[in-house]
Amino acid sequence: MLHRQIGKVYITAVLLSSVAGFHIAFYTTAGLYAAFGFMTLSVIWFYTTLMAFLSIKRRQLLPHRNMIIYSYACCFAAVTLRLWLPS
């Protein structure tokens, strides 16, 4: 039950964050390549989370596990980028 609740919160957060990230990409001052990278990351993050959700609804545990791991990797790609960038 707790796992499902955490999953619902995560899916909601990803939906909001990926849409916001895609929108913010249009206003980046880092250039065209950075904007394209942010847009691509937002789409991939949304897609992997959606596929994880759909696979668990079909009771396909292994595809769900793989897609949610990819989703977490996308989530922390942005965090890692900010750690690498100088302040």
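**Close-up A: Ser42.** Ser42 counts as buried because its relative accessibility is just 8%. (Buried means under 20% relative accessible area, exposed over 50%, and partly exposed in between, using a 1.4 Å probe and protein chains only.) You'll find Ser42 in helix H2. Keep in mind that you're looking at a predicted model, where local features need pLDDT of at least 70, side-chain atom pairs count only at pLDDT 80 or more, and totals for chains, interfaces and linings use all residues. Residues are numbered from 1 along each chain as its sequence is written, and side-chain values use heavy atoms, with hydrogens and water left out. What does the side chain of Ser42 reach at 3.4 Å? That would be the backbone oxygen of Ser18. A polar atom of the Ser42 side chain also lies 3.2 Å from the backbone nitrogen of Phe22. (A polar contact is a pair of N or O atoms within 3.5 Å; within protein, one must be able to donate a hydrogen and the other to accept it, and residues adjacent in sequence count only if both atoms are side-chain atoms.)

**Close-up B: Ser18.** Ser18 is part of helix H1, which covers residues 2-25. Is Ser18 buried or exposed? Ser18 counts as buried, since its relative accessibility is 3%. Its side chain reaches the backbone oxygen of Leu15, at 3.3 Å. The backbone oxygen of Ser18 has a partner too: the side chain of Ser42 reaches that oxygen at 3.4 Å.

**Close-up C: the whole chain, for orientation.** Zoom out for a moment, and you can count three helices and zero strands. (Helices, H or I with at least four residues, and strands, E with at least two, are DSSP runs numbered from the N terminus.) Following the sequence, the pattern reads α-α-α. The C-alpha atoms fill a box of roughly 45 × 20 × 20 Å, taken along the principal axes. How much of the chain do buried residues make up? They come to 18% of its 87 residues.

**Close-up D: a nonpolar surface patch.** Ile11, Leu15, Val19, Phe46, Leu50 and Phe53 make a nonpolar patch of about 470 Å² on the surface. Which elements give two or more residues to the nonpolar patch? Those are H1 and H2. (Patch residues have over 30% relative accessible area and no salt bridge; like charges are joined within 9 Å, and nonpolar side chains, namely Val, Leu, Ile, Met, Phe, Trp and Tyr, within 5 Å.) Look for Phe46 in helix H2; with a relative accessibility of 36%, Phe46 counts as partly exposed.

**Close-up E: Met39 and Val43 in helix H2.** Met39 sits in helix H2, and so does Val43. Met39 counts as buried because its relative accessibility is 19%. Val43, at 48% relative accessibility, counts as partly exposed. From Met39 to Leu16, which is 23 residues away along the chain, the C-alpha atoms are separated by 14 Å. From Val43 to Lys57, 14 residues apart along the chain, the C-alpha separation is 21 Å.

**Close-up F: Gln5 in helix H1.** Gln5 belongs to helix H1. It is partly exposed, with a relative accessible area of 39%. How far is Gln5 from Leu54 in space? C-alpha to C-alpha, the two are 16 Å apart, while in sequence they are 49 residues apart.

**Close-up G: Arg59 and a positive patch.** Arg59 lies in the loop between helix H2, residues 32-57, and helix H3, residues 61-84. Why does Arg59 count as exposed? Because its relative accessibility is 70%. Its phi is near 60 degrees, a positive value in a residue other than glycine. Most residues other than glycine have a negative phi. Arg59 also forms a positive surface patch together with Arg4, Lys8 and Lys57. (Lys and Arg count as positive, with the charge placed at NZ of Lys or CZ of Arg; a salt bridge is a side-chain nitrogen of Lys or Arg within 4 Å of a carboxyl oxygen of Asp or Glu.)

Terms used:
Areas by Shrake-Rupley, 256 points an atom, 1.4 Å probe, with all protein chains shown as cover.
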